[in-house]
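Reader: I am new to this structure and would like to learn how to read its features. Please show me the general idea first and then the case at hand.

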Amino acid sequence: MNISKPRGTNDFLPPESSKILAIEQKLRELCAIYNYQEIRTPIFEDTELFVRGVGNATDIVQKEMYTFLDQGERSLTLRPENTAAACRAYIENKLYGLAQPVKLFYIGPMFRYERPQAGRFRQFHQFGLELFGSAEPAADAEIISFAWRFYQQLGIRDLNLRINSVGCPNCRAAYKRALQDYFRPHLAALCGSCRDRFERNPLRLLDCKSQHCHDIGNNAPQIYDYLCGDCSAHFAQLKTLLDAASLPYALDWRMVRGLDYYTKTAFEIEAKQIGAQSAVCGGGRYDGLIEEIGGAPTPAVGFALGIERIFTALKAQGDDIDVEQGVEVFLISHDNDCKPAAFRLCEQLRAAGFSADMEYGSKSLKAQMKAADRMQAAYTLIIGGDELLRGEAVLRNMDKSEQITLPVDNIVSHLLRIKNSSDKE
């Protein structure tokens, strides 16, 4: 019986795994520039956290969570997203006692039982920012700026930034009633999902993927006519800040996001070239979430992006992530008697900061040279019996096909001089 990976999951093999690390490194560098620090939360949490935090009426909680009972009969869920977990950590670890705002980022796997398709998986990797303790539109603008800058740095083209305000609980209640009044005469014509959402989550009627339902909603009332004074002023200031930073955006009154916790700002960035599932990241403000899961009222804003969708966008435009491959030095020994000296040199090179590898067995010199080529080694270090008796080894530059004989004790220092001189160029 052959055992395969579960449906909707991936094995990331070299060089793809190195490309993921390169993306994560870019994100970490940008986090340092924006002054965000890393948080790592458990991969599974109490199920109630997501029911209360994400929203019992959402598709995530209703259909997509991996939930199980542990041996103590406790209901646990593999995290489908990380914002609720970050909020729980903020409360539990009393981060509200620190100077505010608290600015955090996370990178890790998430789990949703979705129908696998292009860019969507059951285990996927997500990066996100969470900014706790500021209600100011400048915090929203910073989050959006980070996301936009990151995709620009990656060289992803044809990006669209869409923004909206979904109001607050006070003004959204009237908007929900207006939507229900509009859609009620069309209920029989709506898809099953929309009929289900009509009572429990009417805002989601606006972003149904069915073209028929979408067309029915074309003349629905817009949120902007229902925003209270505070929400309207917040949204106006956000637009002013984005204009000041020359961040291009489009208003999209139908964008409501798929999570119940959003208040005021909601946004998405799309990469048009990847087709129907074009959103590469999204987020917004969630001022009521920390209170919802047991904390004091705390304003917050954040966003998340999927790592796998970055590769989808890059592939669609014919680009890729460049990563360095190969080792700097591959050690070749003539026979087993030379293995101890080769191993000692290999360890000395690694201790000096070089990437180094060697042949473990007793392959021929020709086979070992082929192995060096496959590893894209910059140099080979050939250790033979005669040279070893003289305390020497042969260093070969693979690109130039040039070689010199050096005392074994001078090899590391010689390579360090070459490396230092090339770093200065």
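**Salt bridges, pockets and the backbone**

Author: E347 and R350 form a salt bridge, with their closest N and O atoms 2.8 Å apart. A salt bridge is a side-chain nitrogen of Lys or Arg within 4 Å of a carboxyl oxygen of Asp or Glu. The model is predicted, so local features need pLDDT of at least 70 and side-chain atom pairs count only at pLDDT 80 or more, while totals for chains, interfaces and linings use all residues. Residues are numbered from 1 along each chain as its sequence is written, and side-chain values use heavy atoms, with hydrogens and water left out.

Reader: Why are E347 and R350 separated by about one helical turn?

Author: Side chains of opposite charge can pair when their charged atoms come close. Here the two residues are three apart in helix α12 (residues 339–351), which means a separation of about one helical turn. Helices (H or I, at least four residues) and strands (E, at least two) are DSSP runs, numbered from the N terminus.

Reader: Are E347 and R350 buried or exposed?

Author: Buried means under 20% relative accessible area, exposed over 50%, and partly exposed in between (1.4 Å probe, protein chains only). E347, at 37%, is partly exposed, and R350, at 35%, is partly exposed as well.

Reader: How many salt bridges does the structure hold?

Author: There are 21 salt bridges. One of them joins D181 and R184 at 3.0 Å, N to O; R184 is partly exposed, with a relative accessible area of 41%. Another pairs E392 with R390, whose closest N and O atoms are 3.2 Å apart. Of this pair, E392 is partly exposed at 23%, whereas R390 is exposed at 53%. A network of salt bridges also links R162, D252, E268 and E270.

Reader: How should one read a pocket, and what is the volume of the second largest pocket?

Author: Rolling a probe the size of a water molecule over the atoms shows where empty space is left. On a 1 Å grid over the protein atoms alone, where a 1.4 Å probe is used, a pocket is an open set of points with protein on both sides within 12 Å along at least five of seven lines; lining residues have an atom within 4 Å of a point. The second largest pocket has a volume of about 540 Å³, a volume being the space filled by probe spheres set on the points, which are joined across faces, edges and corners. Its lining has 22 residues, and E328, A378, Y379, D399 and S422 are the closest to its centre.

Reader: Which helix gives the largest share of this lining?

Author: Helix α15 (residues 411–424) does, with six residues. The lining divides into eight nonpolar, seven polar and seven charged residues. Ala, Val, Leu, Ile, Met, Phe, Trp, Tyr, Cys and Pro count as nonpolar, Asp, Glu, Lys and Arg as charged, and the others, Gly among them, as polar.

Reader: Which peptide bonds are cis?

Author: The bond from P14 to P15 is cis, with omega near 5°, and P15 lies in the segment before α1 (16–34). The bond from Q100 to P101 is also cis, with omega near 5°; P101 is in the loop between α4 (83–92) and β5 (102–111).

Reader: Where does N35 lie, and what is its phi?

Author: N35 lies in the loop between α1 and β1. Although N35 is not a glycine, its phi is positive, at about 70°.
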